[in-house]
2 protein chains.
Amino acid sequence: MLLTHTSQYAIQSLVYIALNGTEGPQLSREIAAKLGAPSAYLSKILQTMCKGGLLHSHRGRLGGFSLTRSPASLSLIQIVNITEGASFTTECLLGLKQCSDETACPMHPIWKPIKEHIIQMLESQTLASVADAVREGKYRLTDLPGALHPEINAERGGCPFDA
Amino acid sequence: MLLTHTSQYAIQSLVYIALNGTEGPQLSREIAAKLGAPSAYLSKILQTMCKGGLLHSHRGRLGGFSLTRSPASLSLIQIVNITEGASFTTECLLGLKQCSDETACPMHPIWKPIKEHIIQMLESQTLASVADAVREGKYRLTDLPGALHPEINAERGGCPFDA
DNA sequence: AGAGCTTCGGATAAAATTGTCTTTTTTGAT
DNA sequence: ATCAAAAAAGACAATTTTATCCGAAGCTCT
């Protein structure tokens, strides 16, 4: 409807990293598994997030992806701007190239406030706020179960904070 | 952003027909020209609108497309339901298959009212209201000039209402 | 230095959307 | 009846989006 599949994967991934990032960099492969997303495709998306400056990548053992800034300072609009392009916030409902307050399509007067509402929502929602909602346990990040907490991961083992 | 190009063409076409339909059935070819849309493609879309019950088609000479009901009784949501499918109104922002009040994605609480606002807007906007906005002359239906009024069409000629 | 792991980058493929072309069918007018 | 005009229908092509595969490069630990 509003977002491409790519944007949806991107948001889910960054929220996942926000939730689990305290454990260190997160593997692309594992994020994909937890989200139920195609691994190689999601890998590309994470690369794009790196180029967009939202993620750091770390190669080799104990590598993976981590956020470049605090979840609270990273809003969804920044993700969407990368995945959908900057025109996302200016597009006309009917697809006109030229549609602004000066010269507009007939839907402009009624669509503009809704669009602004959407943008304001994407600006105000941060990885922190979304992650918190998931942490509370009332909401699911994916259709699959258990993409939530840094559940005890034996293979990765050894983190002193694990019980 | 929100609508596919197909939906945008469909809406523009039906509004065009609402504006010019008093002159009789409108040619697919001519609608396409006025809207600056690919003719053969738009032809398919109009066919779909026929199957969806929004348009009548008339073959042969003096053929074309006309509305099946009054512009005031045809809302944009009915068009979008055909072009985007019924799931349009229920889709999750993050793409979850299961996302409702009972079991939801973290964006659900904030996205739901916006989505409802969009739907309400598409329900309340009719071909009549959009056509009126265009008729007033303040708004353009396309990027091309002159897709508005039933401007005097010499080729078609002979309509007693023409000056 | 070497082994093992991970991202990176490019090529490729599948699927969906958008767009084109050609033939057939139907219709109204002559 | 015949003809011209229009939509209908189906095959095909281009483009975009989504997805896969594989070798190369970089990193960490031993």
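**View 1. How chain A's own contacts span its sequence.** Take the contacts inside chain A between residues at least 6 apart in sequence: 64% of them join residues at least 24 apart. Keep in mind that this is a predicted model. As for burial, 39% of the 163 residues of chain A count as buried.

**View 2. The helices and strands of chain A.** Here you can pick out six helices and two strands in chain A. Follow the chain along its sequence and the pattern reads α-α-α-β-β-α-α-α, with the strands sitting between three helices on one side and three on the other in that order.

**View 3. Where chain A touches chain B.** On this view, 35 residues of chain A are in contact with 35 residues of chain B. The elements of chain A that give two or more residues to this side are α1 (5-20), α5 (108-124) and α6 (127-135). Look for α5(A) in particular, since it gives the most, with six residues. Sorted by class, the side of chain A that touches chain B has 21 nonpolar, ten polar and four charged residues.

**View 4. Looking at the axis between the two copies.** Give chain A a turn of 180° with a shift of 0.0 Å along the axis, and it can be laid on chain B with an RMSD of 0.0 Å. That's the relation of a two-fold axis. To find the axis from chain A, go to A:Leu2: its C-alpha is the nearest one in that chain, 2.4 Å away. Both copies use the same surface here, with 100% of the contact residues of chain A recurring in chain B.

Conventions:
Residues numbered from 1 in each chain as written. Chains lettered and ligands numbered in written order. Predicted model: local features only at pLDDT ≥ 70, side-chain atom pairs only at ≥ 80, totals over all residues. Least-squares fit on C-alpha atoms with pLDDT ≥ 70 in both. Contact = placed C-beta atoms within 7 Å. Helix = DSSP H or I, 4+ residues; strand = E, 2+ residues; numbered from the N terminus. Buried ≥ 20, exposed ≤ 12 C-beta atoms within 10 Å, placed from the backbone. Nonpolar A, V, L, I, M, F, W, Y, C, P; charged D, E, K, R; others polar.
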